[in-house]
Amino acid sequence: MSEPLLRVDGLVKHFHVGGWPQAQVVHAVDGVSFVLDRGETLGLVGESGSGKTTVGRCILRLIEPTDGQVIFDGHDLVRLSAGEVRKLRPRMQMVFQDPAGSLNPRFSVWRILNEPYKRFDLLPKDQVRGAILQLLADTGLQPADLEKYPHNFSGGQQQRIAVARTLAPKPDLMVLDEPTASLDVSVRMQIIDLFQELQRQFNLAYLLISHDLSVIRHVCNRVAVMYLGRLVEVAPAADLFAHPKHPYTQALIDAVPIPDPAMRHERTPLKGEVPSLISPPSGCHFHPRCPLAVDRCQVEVPTLRTVEPDWDVACHLVEG
Ligand code: SF4
């Protein structure tokens, strides 16, 4: 079997907050492991504060991981020097939630799209204009847009510009951090369709971070569910949505609104707030909110184990 494009193994990220004598540790990511193949979309879901975005940023070394391995196409990014990571950077890109915030308002579209060619020295100068025109065509923009500025565009069009910029260095991996969350509902699916079309065209691997389970269900091959810095379930998307095994995944899916009244069923809403990452609950982090918790759950950390082929769950009560 060929090696996956990305292998994350035991990823840990702790933040130190406050000063002496009250310094505290935020356990944002606590031993996360998964793989991502070329051309695959893995969804990373969980409530806000679960550590999804921190995982995405650690993978790209936008923030320094505390421990663990991030193997990208055979390179352990955590052990590489900053200079060595910079050389790989063109192949790993990130699309942010707020396109307006990620585009310099004083730069024209031409300057925004030209910037990666200059920074990474991607092409001879006489080939750059043709490449930029191709980026516009690939992302549904027009040549006339090159003279305009970000404020001349809608949110959806701004996200197309941001995506076009990330495509310039021909990446293999894109981390999409809530890429449609700030957009009107009417344009969300257009942007999702764009991502899917680009994936088909360029065999891109996506790590899609989102709290929107309808988007995750629509586009992901597999889904990884995070709770308080740990993965609790990883499975093919269709199986996970049809028969979630972990009580937290079940509650998340139960909370998704179902438009068809005939399909609605009894819900088990998630009770309580997400606990603090500074002092997470002992044992299974989910035990204070879990309707099935037993004594063992308070003291023993459930490990993520394979319960069926291609299906991993971290719960003492799930057999397999
Ligand atoms: Fe619930 Fe226990 Fe399973 Fe955690 S290990 S999800 S508390 S049953």
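In this predicted model, the side chains of Arg188 and Asp212 meet in a salt bridge, with an N to O distance of 4.0 Å. Arg188 belongs to helix α7, residues 185-202, while Asp212 sits in the loop between β8 (205-209) and α8 (213-219), so the bridge ties together parts of the chain that are 24 residues apart in sequence. The two partners fall into separate accessibility classes. Arg188 is partly exposed, at a relative accessible area of 23%. Asp212 has a relative accessible area of 18% and counts as buried because the limit for that class is under 20%.

The whole structure holds 16 salt bridges. Side chains of opposite charge can pair when their charged atoms come close. Some of these contacts are joined up: Arg38, Asp73, Arg91 and Asp172 are linked in a network of salt bridges.

Within that network, Asp73 can be taken as the starting point. Asp73 forms a salt bridge with Arg38, and the closest N and O atoms of this pair are 3.1 Å apart. Asp73 is in the loop between β4 (67-72) and β5 (75-76), and Arg38 is in the loop between β2 (24-36) and β3 (41-45); the pair therefore ties together parts that are 35 residues apart in sequence. Asp73 also meets Arg91 in a salt bridge, at 2.6 Å from N to O. Here too distant parts of the chain are linked, since Arg91 lies in the loop between α2 (82-88) and β6 (92-95), 18 residues from Asp73 in its loop between β4 and β5.

How accessible are these three side chains? Asp73 is partly exposed, with a relative accessible area of 31%. Arg38 is partly exposed at 41%, and Arg91 is partly exposed at 22%.

The strands that flank the Asp73 loop, β4 and β5, are also part of a sheet. Four strands form this open sheet in the order β2-β1-β4-β5, with antiparallel pairing. Its edges are β2 and β5, each of which pairs on one side only. Strands of a sheet pair through backbone hydrogen bonds, either parallel or antiparallel.

At the β2 edge, strand β1 (residues 6-17) is joined to β2 by 10 bridges, and the two run antiparallel. Two neighbouring positions show the register. His14 has His27 as its bridge partner in β2, and Phe15 has Val26. In a regular strand the side chains alternate between the two faces of the sheet. β1 and β2 form a hairpin with six residues between them. One of the turn residues, Gly18, has a positive phi of about 75 degrees.

The remaining topic is the ligand. Which cavity does the ligand occupy? The space taken by the ligand is the largest cavity. The residues around the ligand include four cysteines, Cys284, Cys290, Cys297 and Cys315, together with His246, His287 and His316. Pro247, Phe286, Leu292, Ala293 and Leu317 are also around the ligand. By class, this shell has nine nonpolar and three polar residues, and no charged residues.

Terms used
Residues are numbered from 1 along each chain as its sequence is written. This is a predicted model: local features need pLDDT of at least 70, side-chain atom pairs count only at pLDDT 80 or more; totals for chains, interfaces and linings use all residues. Side-chain values use heavy atoms; hydrogens and water are left out. Buried means under 20% relative accessible area, exposed over 50%, partly exposed in between (1.4 Å probe, protein chains only). Two strands pair if DSSP finds at least two bridges between them. A residue is near a molecule or strand if one of its heavy atoms lies within 4 Å of it. On a 1 Å grid over the protein atoms alone, a cavity is a set of points where a 1.4 Å probe fits but cannot get out, and a pocket is an open set with protein on both sides within 12 Å along at least five of seven lines; lining residues have an atom within 4 Å of a point. A molecule sits in a cavity or pocket if more than half of its atoms lie within 2 Å of its grid points. Ala, Val, Leu, Ile, Met, Phe, Trp, Tyr, Cys and Pro count as nonpolar, Asp, Glu, Lys and Arg as charged, and the others, Gly among them, as polar.
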